[in-house]
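Reader: Hello! I'd love a close look at the aromatic rings in this chain, with a connected account of who pairs with whom.

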Amino acid sequence: IWGLVADLPEISERQRAVIIEEVARYRRFNEAKRDNLYEIHSVPDNTDAVGVVYWTADNAQAAVLMLRWDTRSRAPFSKKIAMPFADAPGVEEGIRYRVECVDSGSLETHTARALRQHGLDAAFGDGQLSIMVFIERIP
């Protein structure tokens, strides 16, 4: 459950800006969940991260949320995440997607073929506990 406990008229402009930005991300994430298509990345043996990939029925949007499983470990690591929407029937190999990592601010372009073959590399930095990624088809 997401919530906010504060005296809103008393919060700083910086705090207000952060809240507005987080609400916008929450709404954007929910857009990818609208068709209830998802793949859960749960805890197999010796995994470093768990999470979920949501995508829309038209394969135009996806959102990824990954969480560090062992929060006692602070070391950087990477995890490959399959992108199931890229392998859906009707998704042509040459379709391009914009991949935005919220945490690092990186913005990349990948083809459906690249996402199908290589997935997405979720790189957790030193002490980083979560990763959020938005993926959108480029018209």
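Author: Happy to help, and let's begin with one ring. Phe 85 is buried, with a relative accessible area of 1%. Please keep in mind that this is a predicted model. The partner ring, Tyr 97, is buried too, at 0% relative accessibility. Phe 85 and Tyr 97 meet edge-to-face, with 5.2 Å between the ring centres and 70° between the planes. Phe 85 sits in the loop between S4 and strand S5 (96-101), while Tyr 97 belongs to strand S5, so the pair ties together parts that are 12 residues apart in sequence.

Now for the wider picture: the count for the chain comes to 5 aromatic pairs. One of them, formed by Phe 77 and Phe 124, is stacked, at 4.6 Å centre to centre and 10° between the planes. This pair links distant parts of the chain, since Phe 77 is in strand S4 (residues 77-81) and Phe 124 is in strand S7 (residues 120-124), 47 residues apart. Both Phe 77 and Phe 124 are buried.

There is also a cluster to look at. Phe 29, Tyr 38, Tyr 54 and Phe 134 form one aromatic cluster. Tyr 54 has a charged neighbour as well: Lys 33 lies over the face of the Tyr 54 ring, at 5.5 Å from its centre.

To place these rings in the fold, picture a chain with 2 helices and 8 strands, following the pattern α-β-β-β-β-β-β-α-β-β along the sequence. Buried residues make up 35% of the 139 residues, and Phe 77, Phe 124, Phe 85 and Tyr 97 are among them.

Key. Residues numbered from 1 in each chain as written. Predicted model: local features only at pLDDT ≥ 70, side-chain atom pairs only at ≥ 80, totals over all residues. Heavy atoms only, no water. Helix = DSSP H or I, 4+ residues; strand = E, 2+ residues; numbered from the N terminus. Buried < 20%, exposed > 50% of the residue type's maximum accessible area, 1.4 Å probe, protein only. Phe/Tyr/Trp six-rings, centres within 6.5 Å; stacked < 30°, edge-to-face > 60°. Lys NZ or Arg CZ within 6 Å of the ring centre and 35° of its normal.
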